[in-house]
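Please open the model in your viewer and keep the sequence panel beside it. The tour below goes from one selection to the next and says what is found at each stop.

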Amino acid sequence: MDALKERANTLFPGIAIAGLVAISAQFLNEHYGAPAMLMAILLGMPLNFLSEEHRTAEGIAFSARTLLRIGVALLGVRISIEMVEALGLPMLIVVICGVLATIGFSLAAGRMFGKDRMFSFLSGGAVAICGASAAMAIGSILPKRDHAERDLAFTVITVTVLSTLAMIVYPILTSSLGLSTDATGVFLGGTIHDVAQVVGAGFSINEETGDMSTLVKLIRVTLLAPVVFVAALILRKGVEPDAKRPPLIPGFVLAFLALAALNSFGLVPETARDLAGQVSSWALLAAIAAVGMKTSIPKLLEVGGQAIWMVVTQTVFLALFVLAGIWLLG
């Protein structure tokens, strides 16, 4: 008990600061419409010195890693098998193939932009699946390497900015293309990176489009678990024989799948589902604030313009792929 109390006392200052930054980001989101994830990381970055302060360093590191995994795991309560059935097989194929094709394209195109496979997978997974949440989940299983926090922060900032732009531009695009309500929902949910921006874009058109786009987006979120699982297996094989191997299945992925299964069978009460969703949102927000605190602004600028163009290219590829799929199968 004493050891647990001492551990809590060690972690509390850093966690508290990450929480305060998260609260500030949420305030800006609710009162000024600024993306909460983007605000959390931008507000955290000037506090980089706290990640090296002995009184707060451990708590910030805990927030950036453990709170992140808790937040991703709790996303499982938002998933159910009924979502997949409601979409229909043709559009389900479009969504799944869009995710896999974008990740594959990112891995293939990485060399053209001078980026290694780890950065390509990180950014490609963020674009393909669910933006900042996917970036953080994927980042947590990648091998430890130089500039890991820098690459993660860069990816979160870039996909969030592009997601916000897409929230504004994509509804105009779908209207000019004359897409139906369902097709518009599939396009918005299948291409915009972050859940909040999908909701904003969909409901800015009408309620039916909002419902469909949110459904498609949550199906993309469902793909986070298998993608992380397969990646963990591949990375595990690449580890040197004497080195410590990552777990066969990360614990937070198992928790995600277990909660999704329980929710599919109706075993998660609505009150518990709502509570888990709130805890997940706050945990992810505090985690990304901590990632911001661990990121040096000068080092972030070292990523370079090529990386920005790479994420833009990934975003355009996903949009064109989903649009082609809707025209062919819709």
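**Aromatic rings**

Begin by displaying the side chains of the aromatic residues in this predicted model, where the count comes to four aromatic pairs. Select F105 and F317 to see one of these pairs, which is stacked, with 4.3 Å from centre to centre and 0° between the planes. Because F105 lies in helix α5 (residues 89-109) and F317 in helix α16 (residues 305-329), the pair ties together parts that are 212 residues apart in sequence. If you switch on a surface, F105 counts as partly exposed at 24% relative accessibility, and F317 also counts as partly exposed, at 25%.

The next pair to pick is Y170 with F187, whose ring centres lie 5.1 Å apart and whose planes stand at 50°, so the pair is tilted. Y170 belongs to helix α8 and F187 to helix α9 (residues 181-191), so this pair ties together parts that are 17 residues apart in sequence. Are these two residues, Y170 and F187, buried or exposed? Both Y170 and F187 are buried.

Now return to F105 and F317 and add F321 to the selection, since F105, F317 and F321 form one aromatic cluster. One further ring deserves a stop of its own: select F119 together with K115, and you will find K115 lying over the face of F119, at 5.5 Å from the ring centre.

**Helix α2 and its surroundings**

Move on to helix α2 and select residues 36-44. Seven of the nine residues of α2 are buried, so this helix is largely enclosed by the rest of the structure. Colour A36, M37, L38, M39, A40, I41 and G44 to mark the buried residues of α2, and then show α1 (2-32), α7, α8 and α14 (270-293), against which these buried residues pack.

Of these surroundings, take helix α8 (residues 148-177), and look at how the axes of α2 and α8 come within 9 Å and cross at roughly 145°. The crossing of α2 and α8 is left-handed. Which residues make the contact between α2 and α8? From α2 they are M37, L38, I41 and L42, and from α8 they are A153, V156, I157, T160 and V161. Divided by character, the residues of the contact of α2 with α8 are eight nonpolar, one polar and no charged.

**Helix α7**

Select residues 131-141 next, which make up helix α7, a mostly covered helix in which ten of the eleven residues are buried. The buried residues of α7 to highlight are G131, A132, S133, A134, A135, M136, A137, I138, S140 and I141.

**Two distances to draw**

For a last exercise, use the distance tool on C-alpha atoms, starting with I297, which is found in helix α15 (residues 297-301) and is partly exposed, with a relative accessible area of 41%. Draw the line from I297 to G44, and the C-alpha atoms, which belong to residues 253 apart along the chain, turn out to be separated by 11 Å.

Then go back to helix α5 and select I93, which has its place there and counts as partly exposed at 38% relative accessibility. How many ångströms separate the C-alpha atoms of I93 and W309? They are separated by 28 Å, and I93 and W309 are 216 residues apart along the chain.

Key:
Residues numbered from 1 in each chain as written. Predicted model: local features only at pLDDT ≥ 70, side-chain atom pairs only at ≥ 80, totals over all residues. Heavy atoms only, no water. Axes fitted to C-alpha atoms, helices over the stretch in contact; angles between N-to-C directions. Helix = DSSP H or I, 4+ residues; strand = E, 2+ residues; numbered from the N terminus. Left-handed = near helix turned anticlockwise from the far one by under 90°. Contact = heavy atoms within 4.5 Å. Nonpolar A, V, L, I, M, F, W, Y, C, P; charged D, E, K, R; others polar. Buried < 20%, exposed > 50% of the residue type's maximum accessible area, 1.4 Å probe, protein only. Phe/Tyr/Trp six-rings, centres within 6.5 Å; stacked < 30°, edge-to-face > 60°. Lys NZ or Arg CZ within 6 Å of the ring centre and 35° of its normal.
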